[in-house]
Amino acid sequence: MNVLIAINENYVRQAEMMLYSFSKHNFSKGGEKLRVYLLYSDISENALREFQFFLKDKCSIELISIRVDAEWVRQLPVLEYLTHETYFRLLAGKLLPDTVERVLWLDADMIIKGDCSALYHMDFQDNYLIACEDMLVGGNHLTEFHKTPNQQTKYFNAGMILFNLRKIRADKKEEEVLRFLTENRKPLKFLDQDVLNIVYYGKVRYVDPKKYNHLMLTVEKVNKTKKALLEKNTVIIHYVGADKPWFYKYVNPSWKYYWQMELENGNYFGYVKFLIQHYVYLFVRKIYQAIGNGRAGIL
């Protein structure tokens, strides 16, 4: 089973927790080896060695690191919580060995709760990608780029993508990606995710987003129904947005899935520190909200 990630040094720990959670539920499925391809440009050799040791020792994962010349992405825009490494996946077919015909891209801000083998071996049905609809973005977000602009279509979130590299290479789709980046200098709201949706429009197989790419925002309330869905159905939790569960200001209770991985890897001090800061923050925020409501009542 081939997994693809792209991170810088600031995201190594989160990638470790994501891949650790992946290995817990996908270890030696059907005798398969777990192999992770890392695309990077800004990770020190020491951090890379530690990352490789962690994956081998804790996860039984083979790491194949591929250093990428990042000059071609330096002029491309990024968001507050994204880095230039996010663009590397656009050229996965060129950067990975030709022997890799399918690869599962996973964002580092995810936790894997179940078996991904059924997803990984899914029939592409002659599509370039398998992905999940982005339930936070409307299907007509990019209609200005579509050949049939009046036809509504789904828009996928790029946190989880199964790439059909054999077909992508055969149809030279990555050349189309580079051409698009060269010819379209207009800033796109969701950066490379928009590029992927434009270039692979109409040739994506969609799977259940609540199972394989369950988007979680810190402001989202988790009621009993959603909690049951997370516990019983969700395979991949994706912490989207600028706030992440390793920050004490993350108020969505789904942070527990991330910190469970940290605890299993001995980060007790980090967990206690998070809890103290988190609940102090919630207490202070509640006081400010009460003061604000009181003033509103007086006015």
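What follows is a chat about the helices and cores of a predicted model.

Reader: Hi! How many helices and strands are in the chain?
Author: Hello! The chain has eleven helices and ten strands. Keep in mind that this is a predicted model.

Reader: And what share of the residues counts as buried?
Author: Of the chain's 299 residues, 48% count as buried. On contacts, looking at pairs at least 6 apart in sequence, 77% join residues at least 24 apart.

Reader: Which residues have the most contacts inside the largest nonpolar core?
Author: Those are I5, F51, L106 and M160, in a core of 55 residues. Helix α1, residues 12–26, gives the largest share of this core, with seven residues.

Reader: What does F51 touch, leaving out residues up to four places away in sequence?
Author: F51 touches I5, I7, V12, A15, E16, L19, L38 and L63. So I5 turns up again: I5 is also among the residues with the most contacts inside the largest core. As background, nonpolar side chains tend to be buried together in soluble globular proteins.

Reader: Let's stay with α1 for a bit. Is Q14 in that helix buried or exposed?
Author: Q14 lies in helix α1. Its relative accessibility is 10%, and because buried means under 20%, Q14 counts as buried.

Reader: Nice. Which residues does Q14 touch, again skipping those up to four places away?
Author: Q14 touches A108, W246 and Y258. Y258 is one of the buried residues of helix α10, which covers residues 255–264.

Reader: What are the other buried residues of α10?
Author: Besides Y258, they are W255, Y257, W259, M261 and E262. Just after α10 comes G266, with a positive phi of about 85 degrees.

Reader: At what angle do α1 and α10 pack?
Author: The angle is about 90 degrees, and the axes are 10 Å apart. The two helices are therefore roughly perpendicular to each other.

Reader: Which residues meet there?
Author: From α1 you have R13, Q14, M17, Y20, S21 and K24, and they meet Y258, Q260, M261, E262 and E264 of α10. By class, this contact has four nonpolar, three polar and four charged residues.

Reader: Changing topic: how many residues of α7 are buried?
Author: Nine of its nine residues are buried, and α7 is described as mostly covered. They are L191, D192, Q193, D194, V195, L196, N197, I198 and V199.

Reader: What covers the buried residues of α7?
Author: The cover includes β7, residues 156–164, and helix α6.

Reader: How do α6 and α7 pack, then?
Author: Helix α6 (residues 173–183) and helix α7 (residues 191–199) pack at about 125 degrees, with axes 10 Å apart. That angle makes α6 oblique to α7. Their crossing is right-handed.

Reader: Which residues make that contact?
Author: On the α6 side they are K173, E176, V177, F180 and L181, and on the α7 side V195, I198 and V199. The contact of α6 with α7 has six nonpolar residues, two charged ones and no polar ones.

Reader: Back to cores for a last one. How many residues does the second, separate core have?
Author: That second core has 37 residues, including F156, I161, L181 and L191. You have met L181 already, on the α6 side of the contact with α7, and L191 among the buried residues of α7.

Note on methods. Residues are numbered from 1 along each chain as its sequence is written. This is a predicted model: local features need pLDDT of at least 70, side-chain atom pairs count only at pLDDT 80 or more; totals for chains, interfaces and linings use all residues. Side-chain values use heavy atoms; hydrogens and water are left out. Axes are lines fitted to C-alpha atoms, for helices over the stretch in contact, and angles run from 0 to 180 degrees between N-to-C directions. Helices (H or I, at least four residues) and strands (E, at least two) are DSSP runs, numbered from the N terminus. Angles under 35 degrees count as roughly parallel, over 145 as roughly antiparallel, 65 to 115 as roughly perpendicular and the rest as oblique. A crossing is left-handed if the near helix is turned anticlockwise from the far one by less than a right angle, and right-handed if clockwise. Contact means heavy atoms within 4.5 Å. Ala, Val, Leu, Ile, Met, Phe, Trp, Tyr, Cys and Pro count as nonpolar, Asp, Glu, Lys and Arg as charged, and the others, Gly among them, as polar. A nonpolar core is a set of buried Ala, Val, Leu, Ile, Met, Phe, Trp, Tyr and Cys residues joined through side-chain atoms within 4.5 Å. Buried means under 20% relative accessible area, exposed over 50%, partly exposed in between (1.4 Å probe, protein chains only).
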